[in-house]
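Q: Could you walk me through this structure, beginning with the ligand and then moving on to other parts? I'm new to this, so please go step by step.

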Amino acid sequence: MIVATTKRLTLRHASPDDAIAMRSVFCDAEVMRYGDGPQTDAWIRSWIALMNRDYHERGYGLWIVTKIGDPRAIGYCGLTWFPNINGRAEIEVGYRLAREYWNTGFATEAALAVRDLAFICRGLDRLVAIIDPDNFRSIRVAEKMGMKYDSDVLLDGYTHPDTVYACHRDEDGEPSDEPKSRS
Ligand SMILES: CC(C)(COP(=O)(O)OP(=O)(O)OC[C@H]1O[C@@H](n2cnc3c(N)ncnc32)[C@H](O)[C@@H]1OP(=O)(O)O)[C@@H](O)C(=O)NCCC(=O)NCCS
């Protein structure tokens, strides 16, 4: 199922047929450097199953990114629910592309589509990106989504804090970097 299209990309539900193409994302040590490291084929199959459960139970998850006109997966971009980031539940925009698609603007294009889908179609008020402070490429994508530094967070199992970037929806449904008043 297609969830968004942009000038150059399609975002759609993950299917078991994506497992081989997603090796270029999940089995590449450089792509997985800021994460849990390279993964196995069995792990990729579990990830696809988990995403399909998220689509069904939450209505969102991490979606497969493809180039328009080519069904082959080049990475993922989407939304993940975190129950407790510094004491509050958050929804994160996450993105990870195969290395050959870095420096093409695809990551930012996909992330902007996910941000707009979250704010305009789903009416969410706030989105975050939780990023290793050394991951400058990811920070650039967050900034181009309109995100600003919010806080630091030490996630379970990590030895050093990540940085939380955040953006908010303004009254018109447009992205804004200011928190929405709740008074
Ligand atoms: C994070 C990640 C998705 C970012 O990818 P990226 O290629 O650096 O990001 P973009 O697609 O936005 O491209 C960046 C550059 O492409 C260049 N570019 C080339 N063609 C372009 C085009 N047509 N349109 C826009 N930018 C273009 C721009 O100059 C841009 O540089 P800038 O940031 O100085 O503006 C990628 O590095 C990745 O998958 N990393 C591993 C996974 C990861 O760490 N994920 C985040 C975990 S928090």
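Q: Which residues come nearest to the ligand?
A: This is a predicted model, and in it Tyr95, Asn103, Thr108, Asn135 and Lys144 come nearest, out of the 19 residues around the ligand.

Q: What polar partner does a nitrogen atom of the ligand have at Tyr95?
A: The partner is a polar backbone atom of Tyr95, and the distance between that atom and the ligand nitrogen is 2.8 Å.

Q: And which side chains have polar atoms by the ligand's oxygen atoms?
A: One of them is Trp102, where an N or O atom of the side chain is 3.2 Å from an oxygen atom of the ligand. Another is Arg137, which has a polar side-chain atom 3.5 Å from an oxygen atom of the ligand.

Q: How much of the ligand does the protein bury?
A: The protein buries 71% of the 960 Å² that the ligand exposes when it is taken alone.

Q: Where does the shell around the ligand come from?
A: Strand E5 (88-97), helix H3 (106-121) and helix H4 (136-144) each supply at least two residues of that shell, and the largest share, five residues, comes from H4.

Q: What classes of residue are in the shell?
A: Sorted by class, the shell around the ligand has eight nonpolar residues, six polar ones and five charged ones.

Q: Changing topic, how many aromatic pairs are there?
A: The count comes to five aromatic pairs. One of these is formed by Phe26 and Trp43, with 4.8 Å from centre to centre and 65 degrees between the planes, and the pair is edge-to-face.

Q: Why give both a distance and an angle?
A: Both are given because a pair of aromatic rings is described by the distance of the centres together with the angle of the planes.

Q: What does the pair of Phe26 and Trp43 tie together?
A: Phe26 lies in helix H1 (residues 23-26) and Trp43 lies in helix H2 (residues 41-58), so the pair ties together parts that are 17 residues apart in sequence.

Q: Is Phe26 buried or exposed, and what about Trp43?
A: Phe26 counts as buried because its relative accessibility is 2%, whereas Trp43, at 29% relative accessibility, counts as partly exposed.

Q: Which residues form the aromatic cluster?
A: Phe26, Trp43, Trp47 and Tyr76 form one aromatic cluster.

Q: Last thing, what does the UniProt record annotate?
A: The UniProt entry, which is unreviewed, carries the annotation "domain: N-acetyltransferase" for residues 9-170. In the model, that span is 29% helix and 33% strand, and its end C-alpha atoms lie 26 Å apart.

Technical notes. Residues numbered from 1 in each chain as written. Predicted model: local features only at pLDDT ≥ 70, side-chain atom pairs only at ≥ 80, totals over all residues. Heavy atoms only, no water. Near = heavy atom within 4 Å. Polar contact = N/O pair within 3.5 Å; in protein donor to acceptor, adjacent residues only side chain to side chain. Areas by Shrake-Rupley, 256 points an atom, 1.4 Å probe, with all protein chains shown as cover. Helix = DSSP H or I, 4+ residues; strand = E, 2+ residues; numbered from the N terminus. Nonpolar A, V, L, I, M, F, W, Y, C, P; charged D, E, K, R; others polar. Phe/Tyr/Trp six-rings, centres within 6.5 Å; stacked < 30°, edge-to-face > 60°. Buried < 20%, exposed > 50% of the residue type's maximum accessible area, 1.4 Å probe, protein only. UniProt positions renumbered as here; feature names shortened; annotations may be inferred.
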